[in-house]
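Hello,

I am handing over the structure we spoke about. Please open it first, then read the notes below it.

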Amino acid sequence: MPNSLELLIRSGNPLISIETLDEQRALKVIRDIALKLKKPIFEWSTTGGLCKLEHGSLKSPTVPGGKPEQSLTFIRQNTDEDLFIFKDLGAYCRDNVVNRMLRDLMDTCHEKKSTIILIDAFPLPDEIKRFTIRYELGWPTTDELSDVIKQTYNKIKRESDSEIKARLTRREMEQLVLTMRGLSCSEVERVISSAILQDNDLNANDLPHIIEAKRTLLGSTGCLESIAVDVKSDEVGGLNKLRDWLKLRRGGFTQKAQDYGIEPPRGVLMLGVPGSGKSLCAKMVASDWNMPLLRLDPGMLYQKFIGESESQLRQALSQAESMAPVILWIDEIEKAFASASGSSADGGLSKRMFGTLLAWMQDHRHPIFIIATANDISALPPELMRKGRFDEVFFVDLPTSSAREQILKIHLERRKRDSDQFDLRSLAALAEDFTGAELEQAVMSGLFAAFSENAEIEDRHIASEIQKTRPLAVLMQERIAQLRLWAQNRCVSAD
(Lines give C-alpha, C1' and ligand atoms only; values in the text may rest on other atoms or scores of the structure.)
Protein backbone atom coordinates (compact mmCIF):
# COMPACT_ATOMS: atom_id res chain seq x y z
CA MET A 1 0.00 0.00 0.00
CA PRO A 2 1.44 3.43 -0.93
CA ASN A 3 2.54 5.81 1.77
CA SER A 4 -0.61 7.66 2.89
CA LEU A 5 1.13 11.04 2.44
CA GLU A 6 2.06 10.04 -1.09
CA LEU A 7 -1.58 9.11 -1.65
CA LEU A 8 -2.75 12.50 -0.35
CA ILE A 9 -0.38 14.24 -2.78
CA ARG A 10 -1.34 12.09 -5.75
CA SER A 11 -5.03 12.60 -4.95
CA GLY A 12 -4.64 16.32 -5.57
CA ASN A 13 -5.04 17.69 -2.05
CA PRO A 14 -3.73 21.26 -2.34
CA LEU A 15 -3.09 21.99 1.33
CA ILE A 16 -1.68 19.37 3.75
CA SER A 17 -0.58 20.02 7.34
CA ILE A 18 1.92 18.05 9.43
CA GLU A 19 2.18 18.86 13.13
CA THR A 20 5.46 17.49 14.47
CA LEU A 21 8.54 18.38 16.49
CA ASP A 22 10.60 16.04 14.29
CA GLU A 23 11.01 18.46 11.39
CA GLN A 24 14.01 16.73 9.85
CA ARG A 25 12.20 13.42 9.62
CA ALA A 26 9.16 15.10 8.05
CA LEU A 27 11.41 16.77 5.47
CA LYS A 28 13.07 13.45 4.62
CA VAL A 29 9.70 11.74 4.13
CA ILE A 30 8.47 14.52 1.81
CA ARG A 31 11.73 14.66 -0.14
CA ASP A 32 11.67 10.89 -0.72
CA ILE A 33 8.09 11.11 -2.03
CA ALA A 34 8.98 14.07 -4.29
CA LEU A 35 11.88 12.07 -5.72
CA LYS A 36 9.64 9.07 -6.35
CA LEU A 37 6.93 11.18 -8.01
CA LYS A 38 9.55 13.25 -9.90
CA LYS A 39 8.09 16.50 -8.58
CA PRO A 40 10.17 19.69 -8.16
CA ILE A 41 10.33 20.70 -4.50
CA PHE A 42 10.63 24.11 -2.84
CA GLU A 43 11.14 24.91 0.85
CA TRP A 44 10.22 28.12 2.67
CA SER A 45 11.23 29.41 6.08
CA THR A 46 11.04 32.86 7.62
CA THR A 47 14.85 33.01 7.76
CA GLY A 48 15.69 31.63 4.31
CA GLY A 49 12.83 32.58 2.03
CA LEU A 50 11.64 30.24 -0.73
CA CYS A 51 14.45 27.98 -2.03
CA LYS A 52 14.44 25.17 -4.59
CA LEU A 53 15.88 21.82 -3.59
CA GLU A 54 18.20 20.27 -6.18
CA HIS A 55 20.39 17.17 -5.74
CA GLY A 56 19.67 17.08 -2.00
CA SER A 57 20.66 20.67 -1.19
CA LEU A 58 18.86 24.03 -1.18
CA LYS A 59 19.88 26.53 -3.87
CA SER A 60 19.92 30.30 -3.57
CA PRO A 61 16.52 31.72 -2.66
CA THR A 62 14.08 31.86 -5.54
CA VAL A 63 12.18 34.42 -3.49
CA PRO A 64 14.45 36.01 -0.85
CA GLY A 65 13.17 37.39 2.43
CA GLY A 66 11.02 35.87 5.11
CA LYS A 67 7.67 37.48 4.27
CA PRO A 68 5.27 34.74 3.16
CA GLU A 69 3.18 37.05 0.93
CA GLN A 70 5.98 37.31 -1.69
CA SER A 71 6.51 33.55 -1.81
CA LEU A 72 2.76 32.86 -2.06
CA THR A 73 2.53 35.35 -4.95
CA PHE A 74 5.38 33.52 -6.72
CA ILE A 75 3.57 30.19 -6.28
CA ARG A 76 0.34 31.60 -7.74
CA GLN A 77 2.18 32.85 -10.81
CA ASN A 78 4.66 30.01 -11.41
CA THR A 79 3.38 26.77 -9.91
CA ASP A 80 3.27 23.67 -12.12
CA GLU A 81 3.05 20.20 -10.48
CA ASP A 82 5.40 21.31 -7.69
CA LEU A 83 5.69 20.50 -3.99
CA PHE A 84 6.01 23.47 -1.63
CA ILE A 85 7.05 23.02 2.00
CA PHE A 86 6.37 25.84 4.46
CA LYS A 87 8.06 25.62 7.86
CA ASP A 88 6.20 27.26 10.76
CA LEU A 89 3.76 29.22 8.59
CA GLY A 90 1.00 28.67 11.15
CA ALA A 91 1.83 31.82 13.11
CA TYR A 92 1.33 33.93 9.95
CA CYS A 93 -2.04 32.37 9.11
CA ARG A 94 -3.80 34.63 11.61
CA ASP A 95 -2.98 37.50 9.26
CA ASN A 96 -5.99 38.14 6.99
CA VAL A 97 -3.88 38.67 3.87
CA VAL A 98 -1.82 35.48 4.28
CA ASN A 99 -4.95 33.50 5.15
CA ARG A 100 -6.78 34.80 2.07
CA MET A 101 -3.79 34.15 -0.23
CA LEU A 102 -3.49 30.57 0.96
CA ARG A 103 -7.19 29.91 0.43
CA ASP A 104 -7.04 31.47 -3.07
CA LEU A 105 -4.04 29.24 -3.85
CA MET A 106 -6.05 26.11 -3.15
CA ASP A 107 -7.88 26.36 -6.48
CA THR A 108 -4.67 27.23 -8.34
CA CYS A 109 -2.77 24.29 -6.82
CA HIS A 110 -5.66 21.93 -7.55
CA GLU A 111 -5.65 22.95 -11.25
CA LYS A 112 -1.87 22.82 -11.58
CA LYS A 113 -1.54 19.56 -9.53
CA SER A 114 0.71 21.25 -6.98
CA THR A 115 0.69 20.74 -3.22
CA ILE A 116 1.53 23.02 -0.31
CA ILE A 117 2.63 21.19 2.86
CA LEU A 118 2.71 23.06 6.16
CA ILE A 119 5.14 21.69 8.77
CA ASP A 120 4.53 23.21 12.20
CA ALA A 121 5.74 22.34 15.69
CA PHE A 122 2.52 23.72 17.21
CA PRO A 123 -1.13 23.32 16.26
CA LEU A 124 -2.34 25.47 13.36
CA PRO A 125 -4.71 28.31 14.23
CA ASP A 126 -8.39 27.66 13.57
CA GLU A 127 -8.31 30.28 10.81
CA ILE A 128 -6.52 27.85 8.48
CA LYS A 129 -6.81 24.44 10.17
CA ARG A 130 -10.24 23.66 8.71
CA PHE A 131 -8.94 24.15 5.14
CA THR A 132 -6.07 21.66 5.46
CA ILE A 133 -5.87 17.89 5.29
CA ARG A 134 -3.95 16.74 8.37
CA TYR A 135 -1.31 14.05 7.99
CA GLU A 136 -0.10 12.27 11.14
CA LEU A 137 3.61 11.60 10.76
CA GLY A 138 3.66 9.26 13.74
CA TRP A 139 6.69 8.21 15.71
CA PRO A 140 9.73 6.59 14.09
CA THR A 141 9.35 2.87 13.44
CA THR A 142 11.61 0.31 15.12
CA ASP A 143 13.58 -0.02 11.87
CA GLU A 144 14.12 3.75 11.72
CA LEU A 145 15.20 3.85 15.36
CA SER A 146 17.59 0.96 14.83
CA ASP A 147 19.12 2.77 11.83
CA VAL A 148 19.54 6.00 13.85
CA ILE A 149 21.29 4.10 16.68
CA LYS A 150 23.66 2.38 14.23
CA GLN A 151 24.37 5.59 12.29
CA THR A 152 25.05 7.53 15.50
CA TYR A 153 27.45 4.84 16.73
CA ASN A 154 29.29 4.72 13.37
CA LYS A 155 29.51 8.51 13.21
CA ILE A 156 31.03 8.77 16.71
CA LYS A 157 33.40 5.89 15.93
CA ARG A 158 34.64 7.67 12.77
CA GLU A 159 35.10 11.04 14.44
CA SER A 160 36.52 9.93 17.81
CA ASP A 161 40.22 9.65 18.59
CA SER A 162 39.46 7.00 21.27
CA GLU A 163 38.43 3.41 20.73
CA ILE A 164 34.62 3.15 20.64
CA LYS A 165 33.03 -0.24 21.39
CA ALA A 166 29.52 -1.67 21.19
CA ARG A 167 28.61 -4.84 23.10
CA LEU A 168 24.92 -5.52 22.69
CA THR A 169 23.22 -8.86 22.10
CA ARG A 170 20.28 -9.00 19.71
CA ARG A 171 17.83 -9.02 22.63
CA GLU A 172 19.57 -6.04 24.28
CA MET A 173 19.43 -4.17 20.97
CA GLU A 174 15.69 -4.87 20.73
CA GLN A 175 15.26 -3.58 24.29
CA LEU A 176 17.24 -0.45 23.44
CA VAL A 177 15.13 0.22 20.34
CA LEU A 178 11.91 -0.29 22.32
CA THR A 179 13.16 2.10 24.99
CA MET A 180 13.72 4.79 22.35
CA ARG A 181 10.08 4.77 21.24
CA GLY A 182 8.34 8.07 21.81
CA LEU A 183 11.45 10.10 20.91
CA SER A 184 12.19 11.85 17.63
CA CYS A 185 15.16 10.73 15.53
CA SER A 186 17.19 13.79 16.61
CA GLU A 187 16.40 13.12 20.28
CA VAL A 188 17.46 9.46 19.88
CA GLU A 189 20.74 10.62 18.36
CA ARG A 190 21.45 12.89 21.34
CA VAL A 191 20.55 10.27 23.95
CA ILE A 192 22.64 7.55 22.28
CA SER A 193 25.58 9.94 21.78
CA SER A 194 25.52 10.76 25.49
CA ALA A 195 25.44 7.06 26.44
CA ILE A 196 28.38 6.23 24.15
CA LEU A 197 30.57 9.21 25.03
CA GLN A 198 30.12 8.64 28.77
CA ASP A 199 32.52 5.67 28.67
CA ASN A 200 33.26 5.14 24.95
CA ASP A 201 31.08 2.04 25.06
CA LEU A 202 27.50 1.08 24.24
CA ASN A 203 26.33 -1.92 26.26
CA ALA A 204 23.47 -3.25 28.37
CA ASN A 205 24.64 -1.25 31.40
CA ASP A 206 23.67 1.93 29.54
CA LEU A 207 19.96 1.01 29.47
CA PRO A 208 19.08 2.47 32.93
CA HIS A 209 20.91 5.71 32.05
CA ILE A 210 19.11 5.88 28.69
CA ILE A 211 15.72 5.36 30.38
CA GLU A 212 16.50 8.16 32.84
CA ALA A 213 17.60 10.42 29.97
CA LYS A 214 14.33 9.71 28.17
CA ARG A 215 12.34 10.41 31.35
CA THR A 216 14.11 13.75 31.79
CA LEU A 217 13.81 14.65 28.11
CA LEU A 218 10.09 14.01 27.84
CA GLY A 219 9.18 15.20 31.31
CA SER A 220 5.44 15.13 31.94
CA THR A 221 2.32 17.22 31.53
CA GLY A 222 -1.12 17.34 33.06
CA CYS A 223 -2.06 14.43 35.29
CA LEU A 224 0.86 12.18 34.21
CA GLU A 225 4.01 12.22 36.29
CA SER A 226 7.28 10.61 35.27
CA ILE A 227 8.63 8.68 38.28
CA ALA A 228 12.29 7.95 38.96
CA VAL A 229 12.83 4.21 39.37
CA ASP A 230 15.08 3.58 42.37
CA VAL A 231 13.88 0.17 43.62
CA LYS A 232 15.52 -3.12 42.66
CA SER A 233 13.78 -6.49 42.74
CA ASP A 234 15.86 -7.68 45.70
CA GLU A 235 14.78 -4.62 47.71
CA VAL A 236 11.20 -5.86 47.98
CA GLY A 237 10.36 -8.49 50.60
CA GLY A 238 7.85 -11.29 50.04
CA LEU A 239 5.36 -11.25 47.10
CA ASN A 240 6.91 -14.42 45.67
CA LYS A 241 3.93 -15.48 43.52
CA LEU A 242 3.67 -12.02 42.01
CA ARG A 243 7.42 -12.02 41.30
CA ASP A 244 7.19 -15.42 39.56
CA TRP A 245 4.23 -14.23 37.47
CA LEU A 246 6.08 -11.09 36.40
CA LYS A 247 9.28 -13.02 35.66
CA LEU A 248 7.42 -15.23 33.18
CA ARG A 249 6.18 -12.18 31.29
CA ARG A 250 9.35 -10.13 31.37
CA GLY A 251 10.20 -10.70 27.70
CA GLY A 252 6.62 -10.25 26.48
CA PHE A 253 7.32 -6.97 24.68
CA THR A 254 10.22 -8.26 22.57
CA GLN A 255 10.05 -9.01 18.86
CA LYS A 256 10.97 -12.62 19.60
CA ALA A 257 7.84 -13.00 21.75
CA GLN A 258 5.66 -11.51 18.99
CA ASP A 259 7.19 -13.83 16.40
CA TYR A 260 6.40 -16.72 18.73
CA GLY A 261 2.75 -15.65 18.75
CA ILE A 262 2.63 -14.06 22.22
CA GLU A 263 0.66 -10.87 22.75
CA PRO A 264 2.32 -8.35 25.08
CA PRO A 265 1.09 -8.50 28.70
CA ARG A 266 -1.58 -5.90 29.43
CA GLY A 267 -1.25 -5.37 33.17
CA VAL A 268 -2.25 -6.28 36.70
CA LEU A 269 -4.72 -4.96 39.24
CA MET A 270 -3.43 -5.07 42.81
CA LEU A 271 -5.74 -4.92 45.79
CA GLY A 272 -4.20 -4.77 49.24
CA VAL A 273 -3.95 -3.39 52.71
CA PRO A 274 -2.62 0.21 52.73
CA GLY A 275 1.15 0.19 53.21
CA SER A 276 1.59 -3.39 52.00
CA GLY A 277 3.91 -2.49 49.11
CA LYS A 278 1.58 -2.16 46.12
CA SER A 279 3.16 1.12 44.99
CA LEU A 280 6.62 -0.33 45.53
CA CYS A 281 5.74 -3.13 43.09
CA ALA A 282 5.21 -0.62 40.26
CA LYS A 283 8.75 0.69 40.73
CA MET A 284 10.10 -2.86 41.03
CA VAL A 285 8.53 -3.92 37.70
CA ALA A 286 9.79 -0.81 35.90
CA SER A 287 13.30 -1.44 37.23
CA ASP A 288 13.27 -5.16 36.46
CA TRP A 289 11.88 -4.72 32.94
CA ASN A 290 14.03 -1.66 32.11
CA MET A 291 11.00 0.48 31.24
CA PRO A 292 10.09 4.08 32.17
CA LEU A 293 7.40 4.53 34.84
CA LEU A 294 4.50 6.98 34.50
CA ARG A 295 2.02 7.60 37.30
CA LEU A 296 -1.51 8.72 36.50
CA ASP A 297 -2.88 10.90 39.29
CA PRO A 298 -6.66 10.33 39.35
CA GLY A 299 -7.18 13.39 41.51
CA MET A 300 -6.03 15.69 38.71
CA LEU A 301 -8.37 14.20 36.10
CA TYR A 302 -11.47 16.03 37.24
CA GLN A 303 -11.86 19.63 36.06
CA LYS A 304 -14.66 22.11 36.65
CA PHE A 305 -15.64 22.82 33.03
CA ILE A 306 -17.76 20.44 30.96
CA GLY A 307 -15.67 18.22 28.71
CA GLU A 308 -12.32 19.11 30.31
CA SER A 309 -12.10 15.98 32.46
CA GLU A 310 -12.58 13.61 29.52
CA SER A 311 -10.03 15.64 27.55
CA GLN A 312 -7.52 15.35 30.42
CA LEU A 313 -7.87 11.56 30.43
CA ARG A 314 -7.54 11.23 26.65
CA GLN A 315 -4.49 13.52 26.71
CA ALA A 316 -2.86 11.45 29.46
CA LEU A 317 -3.47 8.18 27.58
CA SER A 318 -2.16 9.71 24.37
CA GLN A 319 1.01 10.83 26.14
CA ALA A 320 1.50 7.33 27.57
CA GLU A 321 1.18 5.92 24.03
CA SER A 322 3.80 8.35 22.72
CA MET A 323 6.25 7.25 25.43
CA ALA A 324 5.64 3.51 25.01
CA PRO A 325 7.06 1.07 25.94
CA VAL A 326 6.18 2.21 29.43
CA ILE A 327 4.74 1.07 32.77
CA LEU A 328 1.55 3.06 33.42
CA TRP A 329 0.80 3.13 37.14
CA ILE A 330 -2.74 4.17 38.09
CA ASP A 331 -2.50 4.77 41.81
CA GLU A 332 -5.60 4.21 43.99
CA ILE A 333 -7.85 3.74 40.98
CA GLU A 334 -10.98 3.53 43.15
CA LYS A 335 -10.67 7.24 43.95
CA ALA A 336 -11.23 8.16 40.31
CA PHE A 337 -13.86 5.67 39.22
CA ALA A 338 -15.62 4.28 42.31
CA SER A 339 -18.80 6.27 41.63
CA ALA A 340 -19.03 4.73 38.15
CA SER A 341 -20.43 1.57 39.77
CA GLY A 342 -23.60 3.21 41.06
CA SER A 343 -25.59 6.40 41.15
CA SER A 344 -23.58 9.56 41.62
CA ALA A 345 -24.14 13.28 41.77
CA ASP A 346 -21.62 14.14 39.04
CA GLY A 347 -24.04 13.93 36.13
CA GLY A 348 -22.57 10.68 34.82
CA LEU A 349 -19.04 12.09 34.45
CA SER A 350 -17.41 9.17 36.29
CA LYS A 351 -19.25 6.66 34.09
CA ARG A 352 -18.19 8.44 30.89
CA MET A 353 -14.57 8.62 31.99
CA PHE A 354 -14.64 5.02 33.14
CA GLY A 355 -16.03 4.01 29.73
CA THR A 356 -13.22 5.92 28.00
CA LEU A 357 -10.60 4.14 30.10
CA LEU A 358 -12.15 0.69 29.56
CA ALA A 359 -12.37 1.17 25.78
CA TRP A 360 -8.74 2.27 25.64
CA MET A 361 -7.57 -0.63 27.82
CA GLN A 362 -9.36 -3.07 25.53
CA ASP A 363 -8.33 -1.60 22.17
CA HIS A 364 -4.87 -0.07 22.50
CA ARG A 365 -2.02 -1.98 20.87
CA HIS A 366 0.92 -0.07 22.29
CA PRO A 367 3.55 -1.73 24.52
CA ILE A 368 2.06 -0.37 27.75
CA PHE A 369 1.88 -2.45 30.94
CA ILE A 370 -0.74 -1.11 33.35
CA ILE A 371 -0.35 -1.49 37.11
CA ALA A 372 -3.47 -0.33 38.92
CA THR A 373 -3.51 -0.29 42.71
CA ALA A 374 -6.58 -0.14 44.96
CA ASN A 375 -7.36 -0.29 48.66
CA ASP A 376 -11.08 -0.96 48.21
CA ILE A 377 -11.75 -2.86 45.02
CA SER A 378 -15.32 -3.77 46.01
CA ALA A 379 -16.34 -0.20 45.17
CA LEU A 380 -15.17 -0.57 41.57
CA PRO A 381 -17.40 -1.65 38.66
CA PRO A 382 -17.07 -5.38 37.85
CA GLU A 383 -16.22 -4.66 34.18
CA LEU A 384 -12.79 -3.45 35.23
CA MET A 385 -11.75 -6.84 36.58
CA ARG A 386 -12.65 -9.13 33.72
CA LYS A 387 -9.93 -10.86 31.69
CA GLY A 388 -8.74 -8.82 28.72
CA ARG A 389 -8.54 -5.58 30.65
CA PHE A 390 -6.04 -6.92 33.18
CA ASP A 391 -4.14 -10.20 32.93
CA GLU A 392 -4.57 -10.91 36.64
CA VAL A 393 -5.95 -9.49 39.89
CA PHE A 394 -3.58 -9.92 42.86
CA PHE A 395 -4.26 -9.48 46.56
CA VAL A 396 -1.34 -8.11 48.56
CA ASP A 397 -1.96 -9.25 52.14
CA LEU A 398 -0.06 -8.41 55.33
CA PRO A 399 3.47 -9.85 55.09
CA THR A 400 4.14 -13.32 56.49
CA SER A 401 6.72 -13.88 59.22
CA SER A 402 9.48 -14.74 56.70
CA ALA A 403 8.52 -11.70 54.57
CA ARG A 404 8.73 -9.46 57.64
CA GLU A 405 12.25 -10.77 58.26
CA GLN A 406 13.16 -9.93 54.67
CA ILE A 407 11.68 -6.43 54.94
CA LEU A 408 13.53 -5.67 58.18
CA LYS A 409 16.76 -6.93 56.63
CA ILE A 410 16.28 -4.76 53.52
CA HIS A 411 15.66 -1.59 55.52
CA LEU A 412 18.58 -2.17 57.88
CA GLU A 413 20.99 -2.84 55.02
CA ARG A 414 19.68 0.17 53.11
CA ARG A 415 20.79 2.23 56.14
CA LYS A 416 24.23 0.59 56.07
CA ARG A 417 23.69 -1.76 59.01
CA ASP A 418 24.80 -5.40 59.16
CA SER A 419 21.52 -7.33 59.41
CA ASP A 420 23.34 -10.37 60.80
CA GLN A 421 23.86 -8.40 64.02
CA PHE A 422 20.10 -8.34 64.67
CA ASP A 423 17.68 -11.04 65.81
CA LEU A 424 15.37 -10.60 62.82
CA ARG A 425 13.25 -13.65 63.64
CA SER A 426 12.31 -12.32 67.09
CA LEU A 427 11.67 -8.82 65.76
CA ALA A 428 9.49 -10.23 62.96
CA ALA A 429 7.49 -12.27 65.45
CA LEU A 430 7.02 -9.21 67.64
CA ALA A 431 5.80 -7.21 64.63
CA GLU A 432 2.89 -9.51 63.78
CA ASP A 433 0.25 -7.82 61.57
CA PHE A 434 2.65 -5.01 60.64
CA THR A 435 2.68 -3.79 57.02
CA GLY A 436 5.91 -3.18 55.12
CA ALA A 437 5.54 0.58 55.59
CA GLU A 438 5.09 0.13 59.36
CA LEU A 439 8.19 -2.08 59.57
CA GLU A 440 10.20 0.59 57.76
CA GLN A 441 9.00 3.21 60.23
CA ALA A 442 9.95 0.95 63.15
CA VAL A 443 13.53 0.79 61.81
CA MET A 444 13.59 4.55 61.21
CA SER A 445 12.24 5.32 64.70
CA GLY A 446 14.76 2.89 66.20
CA LEU A 447 17.56 4.76 64.44
CA PHE A 448 16.34 8.06 65.88
CA ALA A 449 16.13 6.53 69.37
CA ALA A 450 19.68 5.14 69.14
CA PHE A 451 20.97 8.43 67.70
CA SER A 452 19.48 10.39 70.62
CA GLU A 453 21.37 8.08 73.02
CA ASN A 454 24.57 8.57 71.01
CA ALA A 455 24.69 4.76 70.61
CA GLU A 456 24.57 2.23 67.79
CA ILE A 457 21.13 0.83 66.97
CA GLU A 458 20.30 -2.50 68.61
CA ASP A 459 17.40 -4.95 68.73
CA ARG A 460 15.96 -3.20 71.81
CA HIS A 461 15.54 0.10 69.95
CA ILE A 462 13.53 -1.50 67.14
CA ALA A 463 11.59 -3.76 69.55
CA SER A 464 10.64 -0.75 71.66
CA GLU A 465 9.28 1.11 68.63
CA ILE A 466 7.35 -1.98 67.48
CA GLN A 467 5.70 -2.27 70.88
CA LYS A 468 4.71 1.41 70.84
CA THR A 469 3.05 1.13 67.42
CA ARG A 470 -0.58 0.21 66.91
CA PRO A 471 -0.61 -1.23 63.39
CA LEU A 472 -3.32 -0.48 60.86
CA ALA A 473 -4.48 -4.10 61.06
CA VAL A 474 -5.48 -3.41 64.67
CA LEU A 475 -6.84 0.11 64.18
CA MET A 476 -8.99 -0.96 61.20
CA GLN A 477 -9.46 -4.60 62.13
CA GLU A 478 -13.04 -4.97 60.89
CA ARG A 479 -12.40 -3.27 57.54
CA ILE A 480 -9.25 -5.30 56.81
CA ALA A 481 -11.01 -8.54 57.79
CA GLN A 482 -13.78 -7.66 55.35
CA LEU A 483 -11.21 -6.88 52.63
CA ARG A 484 -9.47 -10.23 53.15
CA LEU A 485 -12.78 -12.08 53.05
CA TRP A 486 -13.79 -10.35 49.80
CA ALA A 487 -10.44 -11.17 48.14
CA GLN A 488 -10.28 -14.77 49.36
CA ASN A 489 -11.95 -16.39 46.34
CA ARG A 490 -11.72 -13.51 43.90
CA CYS A 491 -8.00 -12.66 43.73
CA VAL A 492 -4.69 -14.47 43.37
CA SER A 493 -2.46 -14.17 46.43
CA ALA A 494 0.70 -12.15 45.71
CA ASP A 495 2.71 -14.17 48.26
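How many of the 5 residues of strand S5 (residues 83–87) are buried? The count is 5 of the 5, so S5 is largely enclosed by the rest of the structure. Please keep in mind that this is a predicted model.

**Strand S5 and its partners**

The side chains of S5 go two ways. Leu83, Ile85 and Lys87 point one way. Phe84 and Phe86 point the other way. All are buried, Lys87 included. That fits a general pattern: in a regular strand the side chains alternate between the two faces of the sheet.

S5 pairs with strand S2 (residues 41–45) in the parallel sense, over 4 bridges. Tryptophan 44 has phenylalanine 86 of S5 as its bridge partner. S5 also pairs with strand S6 (residues 115–120), again parallel, over 5 bridges. There, phenylalanine 86 has leucine 118 of S6 as its bridge partner.

**The chain as a whole**

The protein chain holds 21 helices and 16 strands. Its C-alpha atoms fill a box of roughly 90 × 65 × 50 Å along the principal axes. Of its 495 residues, 48% are buried. Take the contacts with a separation of 6 or more: 78% of them join residues 24 or more positions apart.

**The open sheet of 7 strands**

One sheet is open and has 7 strands. The order is S10-S12-S13-S14-S11-S15-S16, and the pairing is mixed. Which strands sit at the edges? They are S10 (224–227) and S16 (492–493), and each pairs on one side only.

S10 meets strand S12 (residues 293–296) in the antiparallel sense, over 4 bridges. Leucine 224 has leucine 296 of S12 as its bridge partner.

Helix H12 (residues 278–289) lies across several strands. They are S10, S11 (267–272), S12, S13 (326–330), S14 (368–374) and S15 (392–396). H12 runs at about 165° to S14.

**Helix H21**

Helix H21 (residues 477–487) lies across S11 and S15. H21 runs at about 140° to S11. Which residues of H21 are buried? Ile480, Leu483 and Ala487 are. They cover an arc of only 55° around the axis, so they lie on the same side of H21. The general background is helix geometry: an α-helix has 3.6 residues a turn, so residues three or four places apart point the same way.

The cover over the buried residues of H21 includes S11, S15 and helix H20 (472–475). The face turned away from the buried side carries Glu478, Gln482 and Leu485, which are exposed. Note that a leucine is among those exposed residues.

**A cavity**

The structure holds 1 cavity of 30 Å³ or more. The space in the largest cavity comes to about 50 Å³. Its lining includes Gln175, Leu178, Arg250, Phe253, Thr254, Trp289, Met291 and Pro325. Gly251 and Gly252 also line the largest cavity.

**One loop residue**

Alanine 455 is in the loop between helix H18 (436–452) and helix H19 (459–468). Is alanine 455 buried, partly exposed or exposed? Its relative accessibility is 36%, so alanine 455 counts as partly exposed. Its C-alpha atom is separated by 60 Å from that of glycine 261. Along the chain, alanine 455 and glycine 261 are 194 residues apart.

Best wishes

Key: Residues are numbered from 1 along each chain as its sequence is written. This is a predicted model: local features need pLDDT of at least 70, side-chain atom pairs count only at pLDDT 80 or more; totals for chains, interfaces and linings use all residues. Side-chain values use heavy atoms; hydrogens and water are left out. Two strands pair if DSSP finds at least two bridges between them. Helices (H or I, at least four residues) and strands (E, at least two) are DSSP runs, numbered from the N terminus. Contact means heavy atoms within 4.5 Å. Axes are lines fitted to C-alpha atoms, for helices over the stretch in contact, and angles run from 0 to 180 degrees between N-to-C directions. Buried means under 20% relative accessible area, exposed over 50%, partly exposed in between (1.4 Å probe, protein chains only). The arc is that of the directions from the helix axis to the C-beta atoms. On a 1 Å grid over the protein atoms alone, a cavity is a set of points where a 1.4 Å probe fits but cannot get out, and a pocket is an open set with protein on both sides within 12 Å along at least five of seven lines; lining residues have an atom within 4 Å of a point. Grid points are joined across faces, edges and corners, and a volume is the space filled by probe spheres set on the points.
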